[in-house]
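Work through the exercises below with the model open. Each one gives a task, then a stepwise solution.

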Amino acid sequence: MNKALFGRMLHGGDYNPEQWLDRPEILAADREYFRRMHINTVSLGMFSWAVLEPCEGVFNFDWLVQIIDALYAAGVSVIMATPSGARPKWLADAYPEVLRVDAERRRTLFGGRHNHCYTSPVYREKVKIINTEIVRCVGRHPAVLAWHISNEYGGECYCPLCQEAFRSWLAARYGTIDKLNDAWQTVFWSHVYTDFSQIEAPSPIGEHALHGLTLDWKRFVTARTADFASFEIETIRAAGSDKPATVNMMYDYAGLDYERFAGTVDIISWDNYPPWHKTEEKITALDAAMQHDYMRSLKKAPFLLMESCPSATNWQAVSKLKRPGMLLASSLQAVAHGADSVLYFQMRQSRGASEKFHGAAIDHWGGETRVMNEITDVGLALESLGAVCGSTVHAAAAIIMDRESRWAMEDAAGPRNAGLKYKALFTRIYNGLRRGGAAVDIISEERDISAYRIVAVPMAYMCKPGFAEKLRAFVSSGGTLVVSYWSGIVDEYDRCCLNGTPHGLTDVLGLRSCEIDALYDGEQNAAIPVAGNALGLTRRYVCDTLCDVVDLCGAMPVLTYTDDFYAGRAALTFKQFGAGTAWYIGALFEEELFSDIFCRLVTTAGAAQPYAMRLFGGSSVPEGVGVTTRENDDAAYVFVQNFNRFSLCLPSKVLPKGASVLYGTYTGSLAPLETLVFAFSKT
């Protein structure tokens with residue numbers, strides 16, 4: 001996304017005026033409040049199908065046109081949604097095939113959201129009709145900026161139509177049933193298939209332990225969902241609209257591989273609902289930053305924060321209010337990491353049904369509130385940051401996060417079937433890179449890595465074709481590679497690799513994984529530094545969960561285990577390979593080790609954000625402080641945020657040469673939740 005698309009930071013969110021058509025005075029009041037809160041964009045039509053088409057073939061669009069006209073006159077633009085996220089009752093009653101079938105082969109009843117089959121020809125036809133009518137009615141309205149396709153795609157359907165589609169997908173993938181049997185290793189337990197027609201999707205009352213089947217079913221579900229999203233976008237295009245399209249994604253969602261949607265949509269967007277104040281804000285902020293970076297990395301371009309809560313959610317176990325200043329800090333964090341919008345769910349609190357107590361810009365009282373004032377602060381901040389719009393983040397560091405690999409790893413029946421702590425390892429690596437001053441892309445195994453200076457590979461259980469060769473070339477040409485335990489274990493079919501692991505990298509890393517020890521909850525080991533080690537480490541580090549036992553064949557030990565039968569064996573190693581270096585982390589160590597490792601490696605690899613480091617004198621970034629740079633041809637914009645519960649001093653009270661303050665007041669220190677934005681001119 002760039003300035004040519006929207007030209008401003010979008011501020012607003014989900015708006016459901018159809019709930020208030022009998023109260024025109026409320027709708028008029030909303031527009032006045034939007035003006036006060038500096039709202040410039042709302043999303044319409046998300047769950048409006050039953051109002052837009054109250055019975056089959058009968059359309060009611062007058063209200064929608066009137067609402068859009070009134071909003072546009074008030075200076076508010078529209079992201080128009082397709083309503084396929086929840087179908088009307090008449091559709092389910094007339095065409096039962098549109099309702100999903102669950103894993104136990106029971107057809108579900110009408111209700112909820114996303115209770116529809118993406119394969120059903122009837123459902124696709126009805127979606128095409130309603131989408132076409134919406135485009136014809138309002139698609140060319142000057143208020144409409146973009147298309148929001150459906151809502152939070154998710155879920156699975158096991159109906160006969162989907163079963164046949166799955167079999168066809170498998171036939172196209174494998175060509176012959178013999179190749180499928182080999183890929184899935186069906187000879188185990190005598191589960192050999194003789195024809196694709198015999199295959200059933202995984203089920204708790206049927207086959208659920210054949211890992212290749214389960215993995216391919218998850219791939220199929222993603223392919224089917226992405227195909228449906230593509231189909232919806234095609235209906236928009238065919239009806240005559242060329243406005244950009246997006247789908248709103250969800251936090252670390254295991255049900256879909258979002259990598260497969262990047263080429264389908266024009267803009268990435270996602271819904272961000274961190275549990276602020278559940279723990280220290282710096283911990284939640286780190287997790288949110290990581291997810292922002294993942295979403296930005298899908299297209300390596302600015303994204304939309306499509307939903308966030310201005311107050312408290314209603315669906316978390318404890319729906320806590322955001323404390324004063326939290327909304328502004330979290331909103332600007334999204335902008336720092338590449339968002340060109342801050343949008344909320346919801347603009348006016350609904351009066352009934354499941355989200356009636358979900359936070360909103362305008363609550364049930366309907367008057368001015370603390371939340372409104374905080375939203376106004378966000379609106380003013382976004383207006384002051386207009387120059388940042390369209391700029392992006394240029395990361396010199398990347399972490400590999402492959403959804404297919406995670407699916408396979410979590411289904412593997414391996415050393416730990418509960419508590420693999422993949423997320424913990426990933427977060428510690430991410431935090432280490434950020435503490436070192438690096439901006440971070442989060443990418444799949446299939447992406448190009450040649451332009452990065454440092455690449456981290458945490459628990460890349462699956463080694464897809466060409467991945468090991470890509471890593472080898474990266475290190476050989478001068479890159480810094482960091483690989484963790486439980487990497488390169490299986491191929492793309494979830495078959496165990498032969499002849500040594502990590503697959504294809506034993507010579508690059510200079511070691512072979514021999515055994516991996518799973519530690520019970522509460523059990524620990526530790527490692528101590530080797531004298532004169534390459535990182536200059538001097539202290540003892542505790543580890544738990546998994547400990548890899550390796551044989552060295554060229555690698556140099558940095559840390560060695562202190563306990564158990566593998567005491568004295570290498571726990572952290574490095575090796576020079578070609579013009580680069582390859583590091584291997586053998587266990588889930590405490591957070592401090594990852595900071596100690598990556599603060600050094602980011603510096604030696606030259607991966608730190610150059611403009612940001614001028615603010616910190618080249619030293620590491622303090623814990624709990626977020627530092628992210630967005631750039632365009634004219635300037636670099638450095639966002640500095642303090643998510644600690646105490647104030648922090650910056651290294652100097654004097655601005656670095658070439659820097660100006662774009663947002664905030666620079667005093668040399670940062671208060672809790674304070675954000676400063678510095679602009680470094682490139683001209």
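**Exercise 1.** Which helices and strands each supply at least two residues of the lining of the second largest pocket?

*Solution.*
Step 1. Note the source: this is a predicted model.
Step 2. List the helices. They are H9, H10 (326-336) and H13 (422-435).
Step 3. Add the strands. They are E20 (625-631) and E21 (635-642).
Step 4. Rank the contributions. H13 gives the most, with seven residues.
Step 5. Go to the centre. Of the 29 lining residues, Lys-282, Ile-283, Leu-286, Asp-287 and Asn-431 lie nearest it.
Step 6. Describe the space. This pocket holds about 510 Å³. Its lining divides into 13 nonpolar, eight polar and eight charged residues.

**Exercise 2.** Describe the largest pocket and find the element that gives the most to its lining.

*Solution.*
Step 1. Take the volume: about 950 Å³.
Step 2. Locate the centre. The lining has 37 residues, and Phe-47, Arg-113, Phe-345, Ser-354 and Glu-355 are the closest to the centre.
Step 3. Find the elements with at least two lining residues. They are strand E6 (267-272) and helix H9 (281-299).
Step 4. Choose between them. H9 gives the most, with four residues.
Step 5. Sort the lining by type: 15 nonpolar, 13 polar and nine charged.
Step 6. Compare with Exercise 1. H9 also supplies at least two residues to the second largest pocket.

**Exercise 3.** Lay out the open sheet of eight strands and identify its edges.

*Solution.*
Step 1. Write the order: E7-E6-E5-E4-E3-E2-E1-E8, with parallel pairing.
Step 2. Read off the ends. E7 (304-308) and E8 (341-344) each have a single partner strand, so one side of each lacks a neighbour in the sheet.
Step 3. Add the twist. It averages 30° from one strand to the next.
Step 4. Inspect one edge. E6 and E7 run parallel and are joined by four bridges.
Step 5. Pick out a facing pair: Trp-270 stands opposite Leu-305 in E7.

**Exercise 4.** Count the disulfides, then explain why Cys-649 has no bonded partner.

*Solution.*
Step 1. Recall the bond. A disulfide covalently links the sulfur atoms of two cysteines.
Step 2. Count: the structure holds zero disulfides.
Step 3. Test Cys-543. The nearest cysteine sulfur, in Cys-547, is 3.9 Å away. The cut-off is 2.5 Å. Cys-543 is in no disulfide.
Step 4. Test Cys-649. The closest cysteine sulfur, in Cys-599, is 20 Å away, so a bond is ruled out by distance.
Step 5. Contrast the surroundings. Cys-543 is buried, at 1% relative accessible area, whereas Cys-649 is exposed, at 63%.

Note on methods. Residues are numbered from 1 along each chain as its sequence is written. This is a predicted model: local features need pLDDT of at least 70, side-chain atom pairs count only at pLDDT 80 or more; totals for chains, interfaces and linings use all residues. Side-chain values use heavy atoms; hydrogens and water are left out. On a 1 Å grid over the protein atoms alone, a cavity is a set of points where a 1.4 Å probe fits but cannot get out, and a pocket is an open set with protein on both sides within 12 Å along at least five of seven lines; lining residues have an atom within 4 Å of a point. Grid points are joined across faces, edges and corners, and a volume is the space filled by probe spheres set on the points. Ala, Val, Leu, Ile, Met, Phe, Trp, Tyr, Cys and Pro count as nonpolar, Asp, Glu, Lys and Arg as charged, and the others, Gly among them, as polar. Buried means under 20% relative accessible area, exposed over 50%, partly exposed in between (1.4 Å probe, protein chains only). Two strands pair if DSSP finds at least two bridges between them. Axes are lines fitted to C-alpha atoms, for helices over the stretch in contact, and angles run from 0 to 180 degrees between N-to-C directions.
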